[in-house]
Amino acid sequence: MEESLRTYKVVTYGCQMNVHDSERLSGLLEEAGYAKAAGDGDPDLVVFNTCAVRENADNKLYGNLGRLAPAKQANRGMQIAVGGCLAQKDRETIVRKAPWVDVVFGTHNIGHLPALLERAAVERKAQVEILESLETFPSTLPTRRESAYAAWVAISVGCNNTCTFCIVPALRGKEEDRRPGDVLAEVEALVAEGVVEVTLLGQNVNAYGSDLGDREAFGKLLRACGQVEGLERVRFTSPHPRDFTDDVIAAMAETPNVMHQLHMPLQSGSDTVLKAMRRSYRQERFLGIIEKVRAAMPDAAISTDIIVGFPGETDEDFEQTLHVVREARFANAFTFQYSKRPGTPAADMADQVPKAVVQERYDRLIALQEEISWEENKKQVGRTLEILVAEGEGKKDDRTDRLSGRAPDNRLVHFSRSLRGENEEHGARPEGGVRPGDMVTVEITYAAPHHLLAEGPALAVRRTRAGDAWEKRQAAPPTAKPAGVMLGLPTIGAPKQPATAPSGDGCGC
(Lines give C-alpha, C1' and ligand atoms only; values in the text may rest on other atoms or scores of the structure.)
Protein backbone atom coordinates (compact mmCIF):
# COMPACT_ATOMS: atom_id res chain seq x y z
CA MET A 1 0.00 0.00 0.00
CA GLU A 2 1.36 3.39 -1.03
CA GLU A 3 2.29 5.64 1.88
CA SER A 4 0.28 8.89 1.94
CA LEU A 5 2.08 12.22 1.66
CA ARG A 6 2.69 14.20 4.82
CA THR A 7 0.58 17.35 4.75
CA TYR A 8 1.62 20.88 5.67
CA LYS A 9 0.17 24.33 6.31
CA VAL A 10 2.07 27.65 6.31
CA VAL A 11 0.65 30.45 8.46
CA THR A 12 1.99 33.90 7.55
CA TYR A 13 2.11 37.12 9.57
CA GLY A 14 3.44 40.48 8.45
CA CYS A 15 4.76 42.12 5.32
CA GLN A 16 5.01 41.12 1.68
CA MET A 17 8.54 39.88 2.27
CA ASN A 18 7.09 37.30 4.64
CA VAL A 19 4.35 36.44 2.14
CA HIS A 20 6.96 35.78 -0.52
CA ASP A 21 9.15 33.83 1.93
CA SER A 22 6.13 31.64 2.66
CA GLU A 23 5.89 30.80 -1.03
CA ARG A 24 9.48 29.63 -0.85
CA LEU A 25 8.77 27.59 2.28
CA SER A 26 5.88 25.94 0.46
CA GLY A 27 8.13 25.22 -2.51
CA LEU A 28 10.80 23.68 -0.29
CA LEU A 29 8.28 21.47 1.49
CA GLU A 30 6.65 20.24 -1.70
CA GLU A 31 10.06 19.47 -3.16
CA ALA A 32 10.75 17.47 0.02
CA GLY A 33 7.59 15.41 -0.53
CA TYR A 34 4.94 17.24 1.49
CA ALA A 35 1.48 18.11 0.15
CA LYS A 36 -0.57 21.17 1.04
CA ALA A 37 -3.22 20.31 3.64
CA ALA A 38 -6.83 20.53 2.52
CA GLY A 39 -9.78 21.42 4.74
CA ASP A 40 -9.80 22.36 8.41
CA GLY A 41 -8.17 19.28 9.91
CA ASP A 42 -4.76 19.33 11.60
CA PRO A 43 -1.92 18.79 9.10
CA ASP A 44 1.21 16.79 9.83
CA LEU A 45 3.27 19.99 9.80
CA VAL A 46 2.39 23.59 10.69
CA VAL A 47 4.92 26.32 9.87
CA PHE A 48 4.49 29.81 11.34
CA ASN A 49 6.28 32.50 9.35
CA THR A 50 6.34 35.35 11.84
CA CYS A 51 6.64 39.13 12.06
CA ALA A 52 8.31 41.07 14.89
CA VAL A 53 7.20 44.61 14.07
CA ARG A 54 4.12 44.79 16.29
CA GLU A 55 3.30 43.42 19.74
CA ASN A 56 0.12 41.71 18.58
CA ALA A 57 2.26 39.45 16.33
CA ASP A 58 3.83 37.93 19.47
CA ASN A 59 0.44 37.42 21.08
CA LYS A 60 -1.00 35.87 17.93
CA LEU A 61 1.89 33.41 17.60
CA TYR A 62 1.87 32.19 21.20
CA GLY A 63 -1.92 31.98 21.19
CA ASN A 64 -1.86 29.77 18.09
CA LEU A 65 0.95 27.64 19.48
CA GLY A 66 -1.10 27.11 22.63
CA ARG A 67 -4.11 26.00 20.61
CA LEU A 68 -1.95 23.46 18.75
CA ALA A 69 -0.56 21.87 21.92
CA PRO A 70 -3.46 19.38 22.38
CA ALA A 71 -3.26 18.33 18.71
CA LYS A 72 0.47 17.74 19.08
CA GLN A 73 -0.15 15.73 22.24
CA ALA A 74 -2.68 13.55 20.41
CA ASN A 75 -0.47 13.09 17.33
CA ARG A 76 3.17 12.50 18.22
CA GLY A 77 4.10 12.54 14.53
CA MET A 78 2.91 16.10 14.10
CA GLN A 79 5.60 18.79 13.81
CA ILE A 80 5.52 22.55 14.43
CA ALA A 81 8.09 25.00 13.07
CA VAL A 82 8.48 28.72 13.73
CA GLY A 83 10.46 30.95 11.39
CA GLY A 84 10.67 34.57 10.30
CA CYS A 85 11.51 37.79 12.10
CA LEU A 86 10.12 36.85 15.53
CA ALA A 87 12.08 33.59 15.45
CA GLN A 88 15.23 35.53 14.52
CA LYS A 89 14.63 37.83 17.51
CA ASP A 90 13.34 35.45 20.22
CA ARG A 91 15.29 32.27 19.41
CA GLU A 92 15.37 30.13 22.57
CA THR A 93 12.42 32.04 24.09
CA ILE A 94 10.00 30.32 21.71
CA VAL A 95 11.06 26.84 22.79
CA ARG A 96 10.95 27.89 26.45
CA LYS A 97 7.41 29.24 26.15
CA ALA A 98 6.22 26.45 23.83
CA PRO A 99 8.40 23.36 24.38
CA TRP A 100 6.26 21.36 21.91
CA VAL A 101 7.76 23.33 18.99
CA ASP A 102 10.09 21.16 16.88
CA VAL A 103 12.05 23.71 14.83
CA VAL A 104 12.95 27.39 15.17
CA PHE A 105 14.69 28.96 12.16
CA GLY A 106 15.50 32.53 11.18
CA THR A 107 15.19 34.87 8.23
CA HIS A 108 18.57 33.90 6.77
CA ASN A 109 18.21 30.11 6.59
CA ILE A 110 14.72 29.25 5.37
CA GLY A 111 16.33 26.79 2.95
CA HIS A 112 17.35 24.60 5.89
CA LEU A 113 13.78 23.86 7.04
CA PRO A 114 13.36 20.35 5.53
CA ALA A 115 16.70 19.18 7.02
CA LEU A 116 15.85 20.70 10.43
CA LEU A 117 12.49 18.91 10.47
CA GLU A 118 14.16 15.59 9.68
CA ARG A 119 16.79 16.15 12.39
CA ALA A 120 14.10 17.03 14.95
CA ALA A 121 12.22 13.82 14.13
CA VAL A 122 15.36 11.69 14.50
CA GLU A 123 16.77 13.34 17.63
CA ARG A 124 13.31 13.95 19.19
CA LYS A 125 14.24 17.39 20.44
CA ALA A 126 13.78 20.95 19.24
CA GLN A 127 16.20 22.22 16.62
CA VAL A 128 17.05 25.92 16.89
CA GLU A 129 19.16 27.31 14.04
CA ILE A 130 19.57 31.06 13.56
CA LEU A 131 22.14 32.45 11.14
CA GLU A 132 23.34 36.04 11.52
CA SER A 133 23.81 36.71 7.82
CA LEU A 134 22.22 35.62 4.56
CA GLU A 135 23.57 32.34 3.26
CA THR A 136 21.93 32.29 -0.18
CA PHE A 137 19.66 34.81 -1.86
CA PRO A 138 16.17 33.42 -1.21
CA SER A 139 15.08 33.70 -4.87
CA THR A 140 17.33 30.74 -5.70
CA LEU A 141 15.07 28.50 -3.60
CA PRO A 142 12.09 26.57 -5.00
CA THR A 143 8.93 28.66 -4.97
CA ARG A 144 5.29 27.56 -5.16
CA ARG A 145 3.21 30.60 -6.07
CA GLU A 146 -0.47 30.70 -5.24
CA SER A 147 -1.41 33.03 -8.08
CA ALA A 148 -1.25 32.11 -11.75
CA TYR A 149 -1.49 35.72 -12.89
CA ALA A 150 0.38 37.95 -10.37
CA ALA A 151 3.72 37.46 -8.65
CA TRP A 152 6.11 39.06 -6.20
CA VAL A 153 9.69 39.39 -7.42
CA ALA A 154 12.26 40.21 -4.72
CA ILE A 155 14.95 42.58 -5.95
CA SER A 156 16.70 43.01 -2.59
CA VAL A 157 16.69 41.81 0.99
CA GLY A 158 17.56 43.66 4.16
CA CYS A 159 17.51 47.38 4.98
CA ASN A 160 20.15 50.04 5.68
CA ASN A 161 17.80 52.42 7.51
CA THR A 162 17.86 52.93 11.28
CA CYS A 163 14.29 54.03 12.05
CA THR A 164 13.96 54.16 15.82
CA PHE A 165 10.61 52.30 15.87
CA CYS A 166 11.66 49.42 13.63
CA ILE A 167 13.53 46.22 14.45
CA VAL A 168 13.48 44.81 10.91
CA PRO A 169 17.03 45.85 9.87
CA ALA A 170 18.44 44.03 12.91
CA LEU A 171 16.57 40.87 11.88
CA ARG A 172 16.81 41.00 8.08
CA GLY A 173 20.33 42.43 7.92
CA LYS A 174 21.90 45.03 5.67
CA GLU A 175 20.56 45.51 2.17
CA GLU A 176 21.74 43.04 -0.46
CA ASP A 177 20.68 43.63 -4.07
CA ARG A 178 20.15 41.06 -6.79
CA ARG A 179 21.85 41.61 -10.11
CA PRO A 180 19.47 43.23 -12.63
CA GLY A 181 19.96 40.33 -15.04
CA ASP A 182 18.83 37.84 -12.39
CA VAL A 183 15.72 39.91 -11.62
CA LEU A 184 14.78 40.21 -15.28
CA ALA A 185 15.40 36.49 -15.86
CA GLU A 186 12.91 35.69 -13.11
CA VAL A 187 10.37 38.17 -14.52
CA GLU A 188 10.71 36.67 -18.01
CA ALA A 189 10.32 33.14 -16.64
CA LEU A 190 7.15 34.16 -14.78
CA VAL A 191 5.67 35.78 -17.89
CA ALA A 192 6.43 32.60 -19.85
CA GLU A 193 4.35 30.73 -17.27
CA GLY A 194 1.38 33.08 -17.80
CA VAL A 195 1.95 35.83 -15.21
CA VAL A 196 0.81 39.27 -16.44
CA GLU A 197 1.54 41.35 -13.32
CA VAL A 198 4.66 41.51 -11.16
CA THR A 199 5.37 43.51 -8.02
CA LEU A 200 9.04 44.31 -7.43
CA LEU A 201 9.67 43.79 -3.75
CA GLY A 202 12.23 45.09 -1.30
CA GLN A 203 12.36 46.23 2.30
CA ASN A 204 13.35 49.61 0.84
CA VAL A 205 12.70 48.93 -2.81
CA ASN A 206 13.88 52.20 -4.37
CA ALA A 207 17.23 52.05 -2.55
CA TYR A 208 17.97 49.27 -5.05
CA GLY A 209 21.39 49.89 -6.52
CA SER A 210 23.10 51.08 -3.34
CA ASP A 211 24.70 47.65 -3.06
CA LEU A 212 25.61 47.74 -6.77
CA GLY A 213 27.07 51.26 -6.85
CA ASP A 214 24.39 52.66 -9.17
CA ARG A 215 21.97 55.24 -7.74
CA GLU A 216 19.76 55.08 -10.85
CA ALA A 217 19.54 51.27 -10.93
CA PHE A 218 15.91 51.16 -9.81
CA GLY A 219 14.65 53.50 -12.53
CA LYS A 220 16.64 51.49 -15.09
CA LEU A 221 15.08 48.27 -13.77
CA LEU A 222 11.56 49.71 -14.17
CA ARG A 223 12.33 50.67 -17.77
CA ALA A 224 13.81 47.21 -18.44
CA CYS A 225 10.59 45.60 -17.18
CA GLY A 226 8.80 47.68 -19.80
CA GLN A 227 10.68 45.73 -22.47
CA VAL A 228 9.43 42.32 -21.31
CA GLU A 229 6.92 41.18 -23.92
CA GLY A 230 3.67 39.95 -22.38
CA LEU A 231 4.17 41.72 -19.03
CA GLU A 232 1.14 43.99 -18.69
CA ARG A 233 1.47 45.47 -15.21
CA VAL A 234 4.48 46.35 -13.05
CA ARG A 235 4.20 47.61 -9.47
CA PHE A 236 6.70 48.00 -6.63
CA THR A 237 6.66 48.25 -2.85
CA SER A 238 7.69 49.85 -0.63
CA PRO A 239 9.82 52.89 -1.42
CA HIS A 240 11.35 55.33 1.04
CA PRO A 241 10.97 59.11 0.50
CA ARG A 242 14.71 59.61 1.10
CA ASP A 243 15.61 57.53 -1.95
CA PHE A 244 12.75 58.54 -4.24
CA THR A 245 14.43 60.32 -7.16
CA ASP A 246 13.21 62.17 -10.24
CA ASP A 247 14.48 59.44 -12.57
CA VAL A 248 12.10 56.96 -10.90
CA ILE A 249 9.15 59.33 -11.44
CA ALA A 250 10.18 59.67 -15.09
CA ALA A 251 10.48 55.89 -15.47
CA MET A 252 7.00 55.42 -13.99
CA ALA A 253 5.48 58.04 -16.27
CA GLU A 254 7.27 56.93 -19.45
CA THR A 255 7.05 53.12 -19.14
CA PRO A 256 3.58 52.01 -20.29
CA ASN A 257 3.33 48.86 -18.19
CA VAL A 258 4.46 50.52 -14.93
CA MET A 259 1.24 51.34 -13.11
CA HIS A 260 0.45 54.84 -11.88
CA GLN A 261 0.14 53.64 -8.31
CA LEU A 262 2.53 54.44 -5.49
CA HIS A 263 2.75 53.40 -1.86
CA MET A 264 4.83 56.07 -0.08
CA PRO A 265 5.17 55.68 3.73
CA LEU A 266 4.75 59.00 5.57
CA GLN A 267 4.75 57.76 9.21
CA SER A 268 4.30 61.32 10.54
CA GLY A 269 3.70 64.80 9.14
CA SER A 270 5.67 66.45 11.95
CA ASP A 271 9.30 67.34 11.31
CA THR A 272 10.01 66.96 15.04
CA VAL A 273 8.60 63.44 15.12
CA LEU A 274 10.26 62.47 11.84
CA LYS A 275 13.60 63.51 13.32
CA ALA A 276 12.93 61.42 16.46
CA MET A 277 12.00 58.50 14.19
CA ARG A 278 15.27 58.97 12.25
CA ARG A 279 13.32 59.38 9.04
CA SER A 280 15.69 61.28 6.77
CA TYR A 281 13.13 63.57 5.11
CA ARG A 282 10.78 66.28 6.32
CA GLN A 283 7.22 67.34 5.52
CA GLU A 284 8.27 69.69 2.71
CA ARG A 285 10.32 66.98 1.00
CA PHE A 286 7.49 64.46 1.26
CA LEU A 287 4.84 66.79 -0.18
CA GLY A 288 7.31 67.83 -2.88
CA ILE A 289 7.55 64.20 -4.05
CA ILE A 290 3.75 63.90 -4.13
CA GLU A 291 3.54 67.12 -6.17
CA LYS A 292 6.13 65.86 -8.70
CA VAL A 293 4.40 62.47 -9.03
CA ARG A 294 1.03 64.13 -9.67
CA ALA A 295 2.56 66.56 -12.17
CA ALA A 296 3.98 63.64 -14.16
CA MET A 297 0.99 61.32 -13.60
CA PRO A 298 -2.21 63.23 -12.72
CA ASP A 299 -4.13 59.97 -12.40
CA ALA A 300 -1.71 58.42 -9.88
CA ALA A 301 -3.25 56.75 -6.82
CA ILE A 302 -1.00 57.25 -3.81
CA SER A 303 -1.28 55.35 -0.52
CA THR A 304 0.75 55.61 2.68
CA ASP A 305 1.55 54.32 6.18
CA ILE A 306 1.06 56.50 9.26
CA ILE A 307 2.00 55.83 12.90
CA VAL A 308 -0.08 57.61 15.55
CA GLY A 309 1.23 58.21 19.08
CA PHE A 310 4.98 57.94 18.58
CA PRO A 311 6.78 58.87 21.85
CA GLY A 312 6.75 62.62 22.38
CA GLU A 313 4.06 63.30 19.76
CA THR A 314 2.14 66.43 20.78
CA ASP A 315 -1.24 67.69 19.62
CA GLU A 316 0.57 70.09 17.29
CA ASP A 317 2.67 67.24 15.86
CA PHE A 318 -0.49 65.26 15.18
CA GLU A 319 -2.14 68.28 13.53
CA GLN A 320 0.83 68.38 11.15
CA THR A 321 0.08 64.76 10.19
CA LEU A 322 -3.55 65.69 9.49
CA HIS A 323 -2.29 68.61 7.39
CA VAL A 324 -0.20 66.31 5.19
CA VAL A 325 -3.14 63.91 4.80
CA ARG A 326 -5.34 66.80 3.61
CA GLU A 327 -2.65 68.07 1.21
CA ALA A 328 -1.59 64.69 -0.18
CA ARG A 329 -5.13 63.33 -0.58
CA PHE A 330 -4.08 59.70 -0.32
CA ALA A 331 -6.27 57.12 -2.05
CA ASN A 332 -5.97 55.15 1.17
CA ALA A 333 -3.79 55.04 4.27
CA PHE A 334 -2.71 52.16 6.47
CA THR A 335 -2.71 53.57 9.97
CA PHE A 336 -1.13 52.21 13.15
CA GLN A 337 -1.13 52.99 16.80
CA TYR A 338 2.50 53.09 17.93
CA SER A 339 3.59 49.75 19.34
CA LYS A 340 6.58 49.64 21.69
CA ARG A 341 9.00 46.95 20.54
CA PRO A 342 11.85 45.81 22.83
CA GLY A 343 15.20 46.27 21.17
CA THR A 344 14.28 49.49 19.36
CA PRO A 345 15.50 52.95 20.48
CA ALA A 346 11.92 54.24 20.60
CA ALA A 347 10.98 51.70 23.27
CA ASP A 348 13.18 53.53 25.80
CA MET A 349 12.17 57.06 24.84
CA ALA A 350 10.53 59.34 27.38
CA ASP A 351 7.07 60.84 26.89
CA GLN A 352 5.27 57.69 25.82
CA VAL A 353 1.80 58.89 24.75
CA PRO A 354 -1.13 57.63 26.90
CA LYS A 355 -3.30 54.99 25.24
CA ALA A 356 -6.48 57.10 25.48
CA VAL A 357 -4.79 60.00 23.68
CA VAL A 358 -3.45 57.70 20.96
CA GLN A 359 -6.90 56.19 20.45
CA GLU A 360 -8.57 59.61 20.11
CA ARG A 361 -6.02 60.77 17.55
CA TYR A 362 -6.25 57.49 15.69
CA ASP A 363 -10.04 57.79 15.40
CA ARG A 364 -9.74 61.34 14.05
CA LEU A 365 -7.19 60.27 11.47
CA ILE A 366 -9.34 57.35 10.32
CA ALA A 367 -12.39 59.62 9.97
CA LEU A 368 -10.45 62.16 7.87
CA GLN A 369 -8.87 59.54 5.61
CA GLU A 370 -12.23 57.77 5.10
CA GLU A 371 -13.70 61.07 3.91
CA ILE A 372 -10.80 61.70 1.52
CA SER A 373 -10.78 58.11 0.19
CA TRP A 374 -14.47 58.36 -0.59
CA GLU A 375 -14.10 61.72 -2.31
CA GLU A 376 -11.19 60.45 -4.40
CA ASN A 377 -13.09 57.28 -5.33
CA LYS A 378 -16.13 59.31 -6.43
CA LYS A 379 -13.90 60.89 -9.08
CA GLN A 380 -13.70 57.44 -10.70
CA VAL A 381 -17.46 57.26 -11.37
CA GLY A 382 -18.15 57.37 -15.11
CA ARG A 383 -14.65 56.22 -16.05
CA THR A 384 -14.05 53.17 -18.23
CA LEU A 385 -11.35 50.94 -16.73
CA GLU A 386 -9.67 47.67 -17.63
CA ILE A 387 -9.76 45.36 -14.61
CA LEU A 388 -7.43 42.42 -13.95
CA VAL A 389 -9.80 39.78 -12.61
CA ALA A 390 -8.68 38.51 -9.21
CA GLU A 391 -9.39 35.39 -7.19
CA GLY A 392 -10.91 35.68 -3.72
CA GLU A 393 -10.99 39.50 -3.43
CA GLY A 394 -14.79 39.87 -3.29
CA LYS A 395 -16.34 38.25 -0.22
CA LYS A 396 -19.87 38.80 -1.57
CA ASP A 397 -19.18 37.85 -5.20
CA ASP A 398 -21.13 34.57 -5.20
CA ARG A 399 -24.13 36.15 -3.46
CA THR A 400 -24.23 39.18 -5.76
CA ASP A 401 -23.31 37.41 -9.04
CA ARG A 402 -20.25 39.64 -9.30
CA LEU A 403 -16.54 39.24 -9.83
CA SER A 404 -13.75 41.40 -8.44
CA GLY A 405 -10.42 42.68 -9.61
CA ARG A 406 -7.93 45.53 -9.63
CA ALA A 407 -7.88 48.67 -11.74
CA PRO A 408 -4.52 49.84 -13.12
CA ASP A 409 -4.14 52.15 -10.09
CA ASN A 410 -4.84 49.17 -7.77
CA ARG A 411 -8.33 50.24 -6.70
CA LEU A 412 -10.58 47.28 -5.91
CA VAL A 413 -13.50 46.98 -8.34
CA HIS A 414 -16.54 44.71 -8.08
CA PHE A 415 -18.29 44.17 -11.41
CA SER A 416 -21.11 42.19 -13.02
CA ARG A 417 -20.38 38.77 -14.47
CA SER A 418 -22.46 39.55 -17.58
CA LEU A 419 -21.07 40.90 -20.84
CA ARG A 420 -22.80 43.54 -22.98
CA GLY A 421 -24.00 41.86 -26.16
CA GLU A 422 -26.92 41.82 -28.51
CA ASN A 423 -29.31 41.48 -25.57
CA GLU A 424 -28.49 44.80 -23.90
CA GLU A 425 -31.14 44.34 -21.23
CA HIS A 426 -29.73 41.17 -19.73
CA GLY A 427 -26.25 40.95 -21.15
CA ALA A 428 -24.57 37.69 -22.13
CA ARG A 429 -21.84 35.63 -20.52
CA PRO A 430 -18.70 35.18 -22.64
CA GLU A 431 -18.14 31.63 -23.83
CA GLY A 432 -16.20 29.78 -21.13
CA GLY A 433 -16.79 32.49 -18.54
CA VAL A 434 -14.48 35.13 -17.09
CA ARG A 435 -11.45 33.71 -15.28
CA PRO A 436 -8.97 35.14 -12.77
CA GLY A 437 -6.16 36.60 -14.87
CA ASP A 438 -8.46 37.77 -17.66
CA MET A 439 -8.98 41.49 -18.37
CA VAL A 440 -12.48 42.99 -18.24
CA THR A 441 -13.43 46.49 -19.38
CA VAL A 442 -16.14 48.11 -17.25
CA GLU A 443 -17.73 51.48 -16.56
CA ILE A 444 -17.63 52.60 -12.92
CA THR A 445 -21.11 53.50 -11.63
CA TYR A 446 -20.68 53.78 -7.85
CA ALA A 447 -17.92 54.56 -5.35
CA ALA A 448 -17.50 53.56 -1.70
CA PRO A 449 -14.51 54.56 0.48
CA HIS A 450 -12.68 51.29 -0.17
CA HIS A 451 -14.04 49.92 -3.44
CA LEU A 452 -15.70 50.79 -6.73
CA LEU A 453 -18.73 49.18 -8.40
CA ALA A 454 -19.47 48.59 -12.09
CA GLU A 455 -23.14 47.67 -11.92
CA GLY A 456 -23.85 47.35 -15.64
CA PRO A 457 -22.74 44.57 -17.97
CA ALA A 458 -19.04 44.41 -18.73
CA LEU A 459 -18.16 46.24 -21.95
CA ALA A 460 -15.54 43.70 -23.05
CA VAL A 461 -13.60 40.65 -21.87
CA ARG A 462 -10.05 39.96 -23.00
CA ARG A 463 -9.10 36.36 -22.31
CA THR A 464 -5.39 36.14 -21.49
CA ARG A 465 -2.57 33.65 -21.13
CA ALA A 466 -2.85 34.30 -17.39
CA GLY A 467 -6.48 33.14 -17.47
CA ASP A 468 -5.36 30.07 -19.42
CA ALA A 469 -2.71 29.39 -16.76
CA TRP A 470 -5.30 29.76 -13.97
CA GLU A 471 -7.67 27.38 -15.79
CA LYS A 472 -4.89 24.83 -16.32
CA ARG A 473 -3.98 25.01 -12.64
CA GLN A 474 -7.59 24.39 -11.60
CA ALA A 475 -7.73 21.28 -13.78
CA ALA A 476 -4.54 19.82 -12.26
CA PRO A 477 -4.78 17.14 -9.54
CA PRO A 478 -5.01 18.63 -6.01
CA THR A 479 -1.55 17.44 -5.01
CA ALA A 480 -0.07 19.19 -8.05
CA LYS A 481 -1.50 22.62 -7.22
CA PRO A 482 0.94 25.18 -5.83
CA ALA A 483 0.80 25.79 -2.13
CA GLY A 484 1.47 28.77 0.04
CA VAL A 485 -0.24 31.99 0.94
CA MET A 486 -2.46 34.23 -1.17
CA LEU A 487 -0.46 36.30 -3.61
CA GLY A 488 -1.20 39.62 -5.20
CA LEU A 489 -1.34 43.19 -4.03
CA PRO A 490 -2.39 44.23 -0.58
CA THR A 491 -6.10 44.32 0.06
CA ILE A 492 -7.67 47.75 0.35
CA GLY A 493 -10.22 47.98 3.12
CA ALA A 494 -11.22 49.70 6.31
CA PRO A 495 -8.20 49.67 8.63
CA LYS A 496 -8.44 47.44 11.65
CA GLN A 497 -7.01 48.44 15.02
CA PRO A 498 -4.14 48.05 14.37
CA ALA A 499 -4.20 47.45 10.62
CA THR A 500 -1.81 45.49 8.45
CA ALA A 501 0.21 47.66 6.12
CA PRO A 502 1.54 46.75 2.74
CA SER A 503 4.96 48.12 3.56
CA GLY A 504 5.61 45.74 6.43
CA ASP A 505 3.21 46.38 9.29
CA GLY A 506 4.21 49.99 9.62
CA CYS A 507 7.96 49.54 9.62
CA GLY A 508 8.11 52.14 6.87
CA CYS A 509 10.95 50.52 4.99
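**Exercise 1.** Determine how many disulfides the whole structure holds, and state whether cysteine 166 and cysteine 225 are buried or exposed.

*Solution.* The structure is a predicted model. Searching all of the structure gives zero disulfides. For the burial of the two cysteines, the cut-off is under 20% relative accessible area. Cysteine 166 has 9% relative accessibility, so this residue counts as buried. Cysteine 225 has a relative accessible area of 0% and is therefore buried.

**Exercise 2.** Identify the buried residues of helix 8 and the elements that they pack against.

*Solution.* Helix 8 spans residues 217–225. Its buried residues are Ala217, Phe218, Gly219, Leu221, Leu222 and Cys225. These buried residues pack against two helices, helix 7 (180–192) and helix 9 (246–254), and against strand 10 (197–201) and strand 11 (233–237).

**Exercise 3.** Work out which strands stand at the edges of the six-stranded open sheet, and why one side of each is left without a neighbour.

*Solution.* Start from the strand order, which is 2-1-3-4-5-6 with parallel pairing. The ends of this order are strand 2 (35–36) and strand 6 (127–129); each has a single partner strand, so one side of each has no neighbour in the sheet.

Next, take the pairing at strand 6. Strand 5 (residues 103–105) runs parallel to strand 6, and three bridges join the two. Within this pairing, valine 103 has glutamine 127 of strand 6 as its bridge partner.

Last, place helix 1 (residues 16–31), which packs on the sheet. Helix 1 touches strand 1 (7–12), strand 2, strand 3 (45–50) and strand 5. The direction of helix 1 makes about 170 degrees with that of strand 1.

Definitions and conventions. Residues numbered from 1 in each chain as written. Predicted model: local features only at pLDDT ≥ 70, side-chain atom pairs only at ≥ 80, totals over all residues. Heavy atoms only, no water. Disulfide = S-S within 2.5 Å. Buried < 20%, exposed > 50% of the residue type's maximum accessible area, 1.4 Å probe, protein only. Helix = DSSP H or I, 4+ residues; strand = E, 2+ residues; numbered from the N terminus. Contact = heavy atoms within 4.5 Å. Pairing = 2+ DSSP bridges. Axes fitted to C-alpha atoms, helices over the stretch in contact; angles between N-to-C directions.
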